[in-house]
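Please find below my note on the structure, set out as numbered points for the file.

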Amino acid sequence: MPINAVLARLGAVRAGALDLFDTVGFGQERDLEGWRWAGLRALDTADYDAWEAACRAQEEADARAAAECDRYVRRDDVPSYSMAER
């Protein structure tokens with residue numbers, strides 16, 4: 001609550017059901033160990049904007065890789081046929 005109060009005084013505005021802590025992105029890591037790893041991953045960035053852009057680029061790359069992998073998963077709800085059945 002004290003952090004949310006400070007964020008409110010700084011002008012942060014809630015987004016939907018999220019509290020201010022989550023709205024500004026602090027909820028990404030909720031414990032000290034998570035923030036330690038986030039800090040280590042951010043060592044090669046010049047500022048917060050560069051770090052955020054790198055995180056978003058990685059998330060997008062992960063999503064594209066998952067979508068590409070998903071293309072090759074056999075679906076039970078799709079009928080299969082062989083070339084001989086054509």
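The points below run from the overall fold to individual residues.

1. Status and secondary structure. The model under review is predicted. The protein contains 4 helices and 0 strands, and the order along the sequence is α-α-α-α. The radius of gyration is 21 Å, well over the 12 Å that the globule rule gives for 86 residues, so the protein is more spread out than a compact globule.

2. Dimensions and burial. The C-alpha trace spans about 70 × 35 × 20 Å along the principal axes. Of the 86 residues, 10% count as buried. Among contacts with a separation of 6 or more, those between residues 24 or more positions apart make up 3%.

3. Surface and charge. About 7,300 Å² of the protein is exposed, and carbon and sulfur atoms supply 59% of that area. The charges comprise 11 positive and 17 negative ones, and the mean positions of the two sets are 3 Å apart.

4. Salt bridge within helix 4. The structure holds 2 salt bridges. One of them joins R56 to E52, with 3.0 Å between the closest N and O atoms. Both R56 and E52 belong to helix 4, which covers residues 48-70, and they are 4 residues apart, about one turn of the helix. R56 is partly exposed, with a relative accessible area of 47%. E52 is also partly exposed, at 25%. With the lower limit for partly exposed at 20%, the value of 25% places E52 outside the buried class because buried means under 20%.

5. Salt bridge between E68 and R71. A salt bridge pairs E68 with R71, and the closest N and O atoms lie 3.2 Å apart. Is each partner exposed or partly exposed? E68 counts as partly exposed at 36% relative accessibility, whereas R71 counts as exposed at 59%.

6. Surroundings of N4. N4 is located in helix 1, residues 2-9. This residue counts as buried, with a relative accessibility of 15%. Which residues does N4 touch, not counting those up to four places away in sequence? They are D19, L20 and F21.

7. Surroundings of F21. F21 lies in helix 2, which covers residues 20-23. At 16% relative accessibility, F21 counts as buried, because the cut-off for that class is under 20%. Apart from neighbours within four places in sequence, the contacts of F21 are I3, N4, L7, F26, G27 and R30. The contact with N4 thus appears from both ends, being listed for F21 and for N4.

8. Separations along the chain and in space. F21 and A42 are 21 residues apart in sequence, and their C-alpha atoms are 20 Å apart in space. R9 and L43 are 34 residues apart in sequence, with a C-alpha to C-alpha distance of 29 Å. R9 itself is in helix 1 and counts as exposed at 78% relative accessibility.

9. Summary for the file. The predicted model is built from 4 helices and 0 strands, and it is more spread out than a compact globule. Buried residues make up 10% of the 86, with N4 and F21 among them. The salt bridges number 2, namely R56 with E52 and E68 with R71.

Technical notes. Residues are numbered from 1 along each chain as its sequence is written. This is a predicted model: local features need pLDDT of at least 70, side-chain atom pairs count only at pLDDT 80 or more; totals for chains, interfaces and linings use all residues. Side-chain values use heavy atoms; hydrogens and water are left out. Helices (H or I, at least four residues) and strands (E, at least two) are DSSP runs, numbered from the N terminus. The radius of gyration is taken over C-alpha atoms; the globule rule is 2.2 Å times the number of residues to the power 0.38. Buried means under 20% relative accessible area, exposed over 50%, partly exposed in between (1.4 Å probe, protein chains only). Contact means heavy atoms within 4.5 Å. Accessible areas come from the Shrake-Rupley method with a 1.4 Å probe; for residues, only the protein chains shown count as cover. Lys and Arg count as positive and Asp and Glu as negative; His and the chain ends are not counted. The place of a charge is taken as NZ of Lys, CZ of Arg, CG of Asp or CD of Glu. A salt bridge is a side-chain nitrogen of Lys or Arg within 4 Å of a carboxyl oxygen of Asp or Glu.
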